Amino acid sequence: MRLLLLSGWCCLLAACSNDLNDDLSSPPISSDPLLAKVGLIDVLEVDRTLKVDLQYKRPSPISSRPLYAQDFQALLKPATALRLKEANRLVKAHGYRILVWDAYRPPSAQLELWNASGYNDTYVANPHNAPSQHSCGTAVDVTLVTSRGKPVKMPTGFDSVTPEAASHYQHSDPEIARNVRILQSAMRRAGFYPLPAEWWHYIDRDYRQYPETIPLSAVRPRG
Ligand SMILES: C[C@@H](N)C(=O)N[C@H](C)C(=O)O
Ligand SMILES: [Zn+2]
């Protein structure tokens with residue numbers, strides 16, 4: 001009986017990841033022709049149940065100046081957006097939703113962030129060395145909220161340049177430790193790598209397939 005239950009559970013898990021793999025073999029195309037042309041999609045077009053609050057629309061701990069226009073969307077490569085949808089599906093079992101803090105970041109914004117950081121390559125990718133995966137549409141900054149969008153206890157706020165922001169920091173508050181585990185497990189199962197210094201930053205494991213940065217002018221020709 002136990003064996004039967006176990007094999008049923010394994011089949012269920014396999015079916016879920018097969019669904020993701022099926023979707024990944026033909027990722028969606030944005031309904032916006034401009035985004036479709038550059039191979040990006042608004043994450044809300046892929047999953048309406050994701051929450052979005054782009055942090056760089058206002059001053060942030062690293063940049064005292066907003067980096068994005070107020071109508072800037074959370075854009076990702078379609079395959080990366082599908083992985084995020086899968087992670088969101090997994091956290092729903094805990095009554096949570098994924099809240100997107102940042103997604104595609106134009107190279108011009110990355111350069112501004114790099115300068116504002118005082119050239120701190122522990123927390124910001126140096127665009128003079130190699131592109132940030134954000135600028136290729138394959139990295140995403142995320143946290144958890146309740147299904148109604150209320151914040152839950154997480155280790156730190158966005159872009160906190162502190163030891164507590166590390167992915168492997170041992171949190172003494174059991175609620176924080178549990179929430180980080182839920183996020184990490186969902187993101188890993190959906191096919192993302194974490195970044196050691198920032199618990200909120202995740203990279204699509206297939207990021208090498210998309211090495212090109214996408215300039216802001218390709219996404220917003222009129223600025
Ligand atoms: C700055 C922070 N939010 C971030 O995304 N850092 C990584 C390393 C990046 O700049 O790509
Ligand atoms: Zn990031």
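1. The lining of the largest pocket draws at least two residues from each of α5 (107-116), β5 (139-146) and β7 (198-204). Of these elements, β7 gives the largest share, three residues. Helices (H or I, at least four residues) and strands (E, at least two) are DSSP runs numbered from the N terminus. A pocket is, on a 1 Å grid over the protein atoms alone, an open set of points where a 1.4 Å probe fits, with protein on both sides within 12 Å along at least five of seven lines; lining residues have an atom within 4 Å of a point.

2. This is a predicted model, in which local features need pLDDT of at least 70 and side-chain atom pairs count only at 80 or more, while totals for chains, interfaces and linings use all residues. Residues are numbered from 1 along each chain as its sequence is written.

3. The volume of the largest pocket, the space filled by probe spheres set on the grid points, is about 240 Å³. Its lining has 20 residues, and Tyr123, Val124, Ala125, Leu195 and His201 are the closest to the centre.

4. Strand β4 (residues 96-102) is largely enclosed by the rest of the structure, because seven of its seven residues are buried, that is, under 20% relative accessible area with a 1.4 Å probe, protein chains only.

5. Two strands pair if DSSP finds at least two bridges between them. β4 pairs with β2 (residues 51-52) in the parallel sense over two bridges, and Val52 stands opposite Val100. β4 and β5 run antiparallel, joined by six bridges; Ile98 has Leu144 in β5 as its bridge partner.

Note on methods. Chains lettered and ligands numbered in written order. Heavy atoms only, no water. Buried < 20%, exposed > 50% of the residue type's maximum accessible area, 1.4 Å probe, protein only.
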